[in-house]
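Me: Could you take a close look at one helix in this model for me? I'd like to know what sits around it and how it fits into the rest of the fold.

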Amino acid sequence: MKLVYFAWLRERLGTNEEIVELPDGVKTVANLFEWLKARGEPFTDVFEHEAIIQVAIDQKHERNREASVMEAREIALFPPMTGG
């Protein structure tokens, strides 16, 4: 699966994307965030305030943290956006 990071997430993690194989226990967005935090620094710091991080699964915005990631090809993670 491809994880894509945008804006300050990309800057703090030092990468814009990575290919990962999720552990068997990672079934939802919430599980994904827990797994990412458990990877240690810099992930622990970046995902400390996970509630503000937005998610898109296969280019579809997803607000439900219990949404499945099991069949996803790509998950994008990005900060809140503002209009102007």
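Reply: Let's start where the helix ends: α2 is followed by Gly40, and the phi of Gly40 is positive, near 90 degrees. Bear in mind that this is a predicted model.

Now back into the helix. α2 covers residues 29-38, and its buried residues are Val29, Ala30, Leu32, Phe33, Trp35 and Leu36. That pattern should look familiar: an α-helix has 3.6 residues a turn, so residues three or four places apart point the same way. In α2, Val29, Leu32 and Leu36 are among the buried residues, and Ala30 and Phe33 are too.

So what lies over that buried side? The cover includes strands β1 (2-5), β3 (54-57) and β5 (74-78), along with helix α3 (43-46). To place those pieces, read the elements from the N terminus: β-α-β-α-α-β-β-β. In total that gives 3 helices and 5 strands.

One strand deserves a detour here, namely β2 (residues 17-19), which is where Glu18 sits. Glu18 is buried, because its relative accessible area is 17% and the cut-off for buried is under 20%. The side chain of Glu18 makes a polar contact with the side chain of Tyr5, at 2.6 Å. Leaving out neighbours within four places in sequence, Glu18 is also in contact with Met1, Lys2, Leu3, Arg39 and Phe43.

Helix α1 (residues 7-13) holds Ala7. Ala7 counts as partly exposed, because its relative accessibility is 32% and that class runs between 20% and 50%. Ala7 is 73 residues from Pro80 in sequence, yet the two C-alpha atoms are 9.9 Å apart in space.

Stepping back to the whole chain, 51% of the contacts between residues at least 6 apart in sequence join residues at least 24 apart. Buried residues account for 38% of the 84 in the protein. The radius of gyration is 12 Å, which agrees with the value near 12 Å for a compact globule of 84 residues. The C-alpha trace spans about 40 × 30 × 20 Å along its principal axes.

As for the outside, the accessible surface is about 5300 Å², and carbon and sulfur atoms make up 49% of that. The protein has 10 positive and 15 negative charges, and their mean positions are 5 Å apart.

Key:
Residues numbered from 1 in each chain as written. Predicted model: local features only at pLDDT ≥ 70, side-chain atom pairs only at ≥ 80, totals over all residues. Heavy atoms only, no water. Helix = DSSP H or I, 4+ residues; strand = E, 2+ residues; numbered from the N terminus. Rg over C-alpha atoms; globule rule 2.2 N^0.38 Å. Buried < 20%, exposed > 50% of the residue type's maximum accessible area, 1.4 Å probe, protein only. Contact = heavy atoms within 4.5 Å. Areas by Shrake-Rupley, 256 points an atom, 1.4 Å probe, with all protein chains shown as cover. Lys, Arg positive; Asp, Glu negative; His and termini not counted. Charge placed at Lys NZ, Arg CZ, Asp CG, Glu CD. Polar contact = N/O pair within 3.5 Å; in protein donor to acceptor, adjacent residues only side chain to side chain.
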